[in-house]
Amino acid sequence: MTKQERAMNTRHALIRSAAHAFDQFGYTRAKLAGISAGAGVSSGALHFHFDTKAAMAAAVESEAARTLHALTRHARLRSPSPLQGLIDSSHVIAQQLRWDVVVRAGFHLNCRTAHHSEVNLRQEWLECVRHTLARSAVYGQMPQQAVQEELTATVVGATAGFEALARHDRNWLSRQTVTGLWHTLLPQLATPKALVQLQPAGTEAVLNATVPAAVPPPVAHPAPALSG
């Protein structure tokens, strides 16, 4: 293994350890000493890659954004229509938030902490929903009388609410729960012709292609994470 590869592996381990710390303790209570211990590296190695906790949080957010951008783009490209693409994207986001600690911690940091961030994931989701509903109208999937801004607010509010509730119970992000949401919303969003073609549970091939890989958590070091 080259020096560059070792450095990249260390950086990835630190980002994942930081995500676990932020997810478990929150930004304020997570400690750099606990993060370095969780990654199995020294404090000096951590500071070689990240000067501050804010820099580490930004790295977690950036990795979460990169993952979500790639997977939702994949979902939209693979889906047979714009509205199905929106459904599939919501399922992909939900399953990533449920199983991928980097995405979950990055999204939570991005939406709830005061430090400066280069990305705004919730705003990006709002724009994605708005743009997709506009494309769905052009595609002929939405009723002519549909008020797109009201429907955008409804979709964004409901999905953001699921993410918030899932902080205490991840079943809010289950496929069954997200499917139930679309069963409720689609009669308001889609024409009768489009409705029979849509799959509220998501397109199986798309979701199967984006199931998060099972990655074990870093070695637990709870004492340093709280007090180091």
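The legends below accompany an overview and several close-up views of a predicted model.

**Figure 1. Overview of the predicted all-residue model, in which the secondary structure comprises 12 helices and zero strands.** Read from the N terminus, the order of elements is α-α-α-α-α-α-α-α-α-α-α-α. Of the 228 residues in the protein, 44% are buried, and the accessible surface amounts to about 11700 Å², with 57% of that surface belonging to carbon and sulfur atoms. When contacts between residues at least 6 apart in sequence are considered, 71% of them join residues at least 24 apart.

**Figure 2. Close-up of the packing between helix α1 (residues 3-29) and helix α2 (residues 32-39).** The axes of α1 and α2 lie 8 Å apart and form an angle of about 125°, which makes α1 oblique to α2. On the side of α1, the contact is made by Ala13, Leu14, Ser17, Ala18, Ala21 and Phe22, and on the side of α2 by Gly34, Ile35, Ser36, Gly38 and Ala39. The crossing of α1 past α2 is right-handed. An α-helix has 3.6 residues a turn, so residues three or four places apart point the same way.

**Figure 3. Close-up of Ala13, a residue of helix α1.** Ala13 has a relative accessible area of 28% and is therefore partly exposed, the range for this class lying between the 20% and 50% limits. Ala13 is among the residues of α1 that make the contact with α2, and Gly38 is among those contributed by α2. Although Ala13 and Gly38 are 25 residues apart along the chain, their C-alpha atoms are separated by 8.5 Å.

**Figure 4. Close-up of Leu32, which is placed in helix α2.** The C-alpha atoms of Leu32 and Ala18 are 8.1 Å apart in space, while the two residues are 14 apart in sequence. Leaving aside residues up to four places away in sequence, Leu32 touches Leu46, His47, Thr52, Lys53 and Met56. Of these partners, Lys53 and Met56 fall within the residue range of helix α4 (residues 53-78).

**Figure 5. Close-up of helix α5 (residues 82-99) and its packing against helix α4.** Helix α5 has 18 residues and reaches 26 Å from its first C-alpha to its last, close to the 26 Å expected at 1.5 Å a residue. This helix is mostly covered, since 17 of its 18 residues are buried. The axes of α4 and α5 come within 8 Å of each other and cross at roughly 145°, and the crossing is right-handed. Helix α4 contributes Thr67, Leu68, Leu71, Thr72, Ala75 and Arg76 to the contact, whereas α5 contributes Gly85, Asp88, Ser89, Val92, Ile93 and Gln96.

**Figure 6. Close-up of Arg135 in helix α7 (residues 121-138).** With a relative accessibility of 42%, Arg135 counts as partly exposed. The C-alpha atom of Arg135 is separated by 8.2 Å from that of Leu83, a residue 52 places away along the chain. Leu83 falls within the residue range of helix α5 (residues 82-99).

**Figure 7. Close-up of Thr152 in helix α8 (residues 148-165).** Thr152 has a relative accessible area of 3% and is therefore buried, the limit for that class being under 20%. Not counting residues up to four places away in sequence, Thr152 touches Leu126, Val129, Arg130 and Leu133, and these partners have numbers within the range of helix α7 (residues 121-138).

Conventions: Residues are numbered from 1 along each chain as its sequence is written. This is a predicted model: local features need pLDDT of at least 70, side-chain atom pairs count only at pLDDT 80 or more; totals for chains, interfaces and linings use all residues. Side-chain values use heavy atoms; hydrogens and water are left out. Helices (H or I, at least four residues) and strands (E, at least two) are DSSP runs, numbered from the N terminus. Buried means under 20% relative accessible area, exposed over 50%, partly exposed in between (1.4 Å probe, protein chains only). Contact means heavy atoms within 4.5 Å. The expected span of a helix is 1.5 Å times one less than its number of residues. Accessible areas come from the Shrake-Rupley method with a 1.4 Å probe; for residues, only the protein chains shown count as cover. Axes are lines fitted to C-alpha atoms, for helices over the stretch in contact, and angles run from 0 to 180 degrees between N-to-C directions. Angles under 35 degrees count as roughly parallel, over 145 as roughly antiparallel, 65 to 115 as roughly perpendicular and the rest as oblique. A crossing is left-handed if the near helix is turned anticlockwise from the far one by less than a right angle, and right-handed if clockwise.
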